[in-house]
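The following exercises concern a single predicted model. Each gives a task and then a solution worked in steps.

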Amino acid sequence: MSTIIAGHFQLQDEIADARLALLSAGFAAARISAFYVNPAGQHDVHELGGDHDKSPGAKESDEGVVKGGATGAIAGAVVGSATIPIAGPVGPVVGALVGAHVGSLYSLHKMKEAGVPDEDGSNVRPPRKSGMLIAVAVDDTAQEDKALDILRRLHATDIERADGTISGGDWRDFNPNSLPVPV
C-alpha cells in the first residue's frame with residue numbers, strides 16, 4: 001500500500017496535461033492512474049446495480065411503515081365508525097384503509113426528517129464527486145509535496161489523499177463509495 005494523491009479535472013485534455021507534468025517530474029507511468037468516476041449511485045457495485053443494497057438511511061423503513069400504517073388504520077377505523085349512520089358498514093373499512101395509507105406516508109416523512117447519521121458518516125459528509133480523476137502513488141513526503149504542487153498548479157479540484165495500490169496504471173483497490181479525505 002502507498003499513499004495516493006488524487007485530483008479532479010473537467011476535461012480529458014487537462015488529465016493528459018497532468019499526466020505529462022507528473023511524468024516530467026519523475027513519477028513512473030505505472031504509478032499514475034486516470035479514469036472517470038461515475039456519479040454517486042451509479043457505480044454498479046451490486047448485482048442488481050447501484051452502490052448499496054438499500055438506499056442510505058432506509059435501514060428501519062420497513063418497521064416505520066408498519067408502525068405508521070397500523071396506527072393510521074386504527075385511527076381511521078375509529079373515525080370511520082362515526083360515519084356508520086351515513087356510509088354504513090363500509091365506513092370503518094374505508095377509514096382504516098385511508099388511515100393506514102396516511103400513517104405509512106407520515107412515518108416515512110418523520111424518518112426522513114430525523115436525519116440520524118449512519119455509523120460511517122456517509123450520509124453526513126459529501127461523497128466523492130464524479131468526473132475525471134488522476135491519481136499518483138507517492139513513496140514519501142517529498143514526492144507527496146511534488147504531486148500536490150503539480151496538481152494545484154494545474155488547477156485540480158477536490159484534491160484528496162488515500163491509501164491504496166496503483167500498479168500498471170490502474171488503481172486496483174479504488175472504492176468509489178469511500179469518503180474522500182481532502183488534502
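**Exercise 1. Classify Glu144 as buried or exposed, and identify its salt-bridge partner.**

Solution. Step 1: Glu144 has a relative accessible area of 12%. The limit for a buried residue is under 20%, so Glu144 is buried.

Step 2: The side chain of Glu144 meets that of Arg161 in a salt bridge, with an N to O distance of 2.4 Å. The two residues are 17 apart in sequence, Glu144 lying in helix H5 (residues 141-153) and Arg161 in strand S4, and the pair links distant parts of the chain.

Step 3: Arg161 has a relative accessible area of 32% and is therefore partly exposed.

**Exercise 2. Determine which residues of H5 are buried and where they lie around the helix axis.**

Solution. Step 1: The buried residues of H5 are Glu144, Ala147, Leu148, Ile150 and Leu151.

Step 2: Around the axis these residues cover an arc of only 160°, so they are on the same side of H5. The general background is that an α-helix has 3.6 residues a turn, so residues three or four places apart point the same way.

Step 3: Ala142 and Asp145, on the other side of H5, are exposed.

Step 4: The packing partners of the buried residues of H5 are S1, H1, S3 and S4.

Step 5: The 13 residues of H5 reach 18 Å from the first C-alpha to the last, close to the 18 Å expected at 1.5 Å a residue.

**Exercise 3. Carry out the corresponding analysis for helix H1 (residues 12-24).**

Solution. Step 1: H1 has 13 residues and a reach of 18 Å between its first and last C-alpha, close to the 18 Å expected at 1.5 Å a residue.

Step 2: Ile15, Ala18, Ala21 and Leu22 are buried in H1. Viewed down the axis, the buried residues of H1 fall within an arc of 125°, so they line one face of the helix.

Step 3: Gln12, Asp13, Leu20 and Ser24 are exposed on the other side of H1.

Step 4: The buried residues of H1 pack against strand S1 (2-9), strand S2 (32-37), S3 and H5.

Step 5: Just after H1, Gly26 adopts a positive phi of about 105°.

**Exercise 4. Describe the surroundings of Ile134 and the largest nonpolar core.**

Solution. Step 1: Ile134 is placed in strand S3. Its relative accessibility is 1%, so Ile134 counts as buried.

Step 2: Not counting residues up to four places away in sequence, Ile134 touches residues including Ile5, Ile15, Ala18, Leu22, Ile32 and Leu151. For Ile134 and Ala18, a sequence separation of 116 residues goes with a C-alpha to C-alpha distance of 7.7 Å.

Step 3: The largest nonpolar core has 18 residues, of which Ile5, Leu22, Phe27, Ile134 and Val136 touch the most other members. At least two residues of this core come from each of S1, H1, S3 and H5.

Step 4: There is also a second, separate core of 11 residues, with Phe35, Leu133, Ile166 and Trp171 among them.

**Exercise 5. State how many salt bridges the model contains, and examine those formed by Glu160 and Asp158.**

Solution. Step 1: The count comes to 5 salt bridges.

Step 2: In the pair of Glu160 and Arg128, the closest N and O atoms are 2.6 Å apart. Glu160 is in strand S4 (residues 157-164), whereas Arg128 is in the loop between helix H4 (90-114) and strand S3 (131-138); the pair links distant parts of the chain, 32 residues apart.

Step 3: Both Glu160 and Arg128 are buried. For Glu160 the relative accessible area is 3%.

Step 4: Leaving aside neighbours within four places in sequence, the contacts of Glu160 include Ile4, Ile5, Ala6, His8, Arg128 and Pro180.

Step 5: Asp158 forms a salt bridge with Lys129, with 3.6 Å between the closest N and O atoms. Asp158 in S4 and Lys129 in the loop between H4 and S3 are 29 residues apart. Asp158 has a relative accessible area of 37%, so it is partly exposed.

**Exercise 6. Identify which elements have the lowest and the highest mean pLDDT.**

Solution. Step 1: The chain has an average pLDDT of 81, and 74% of the residues score at least 70.

Step 2: Among the elements, helix H2 (residues 61-81) has the lowest mean, 70, and H5 the highest, 98.

Step 3: Where pLDDT is low, the predicted coordinates should not be read in detail.

Methods: Residues numbered from 1 in each chain as written. Predicted model: local features only at pLDDT ≥ 70, side-chain atom pairs only at ≥ 80, totals over all residues. Heavy atoms only, no water. Salt bridge = Lys/Arg side-chain N within 4 Å of Asp/Glu carboxyl O. Helix = DSSP H or I, 4+ residues; strand = E, 2+ residues; numbered from the N terminus. Buried < 20%, exposed > 50% of the residue type's maximum accessible area, 1.4 Å probe, protein only. Expected span 1.5 Å × (residues − 1). Arc of directions from axis to C-beta. Contact = heavy atoms within 4.5 Å. Core = buried A, V, L, I, M, F, W, Y, C linked by side-chain atoms within 4.5 Å. pLDDT = per-residue confidence, 0-100.
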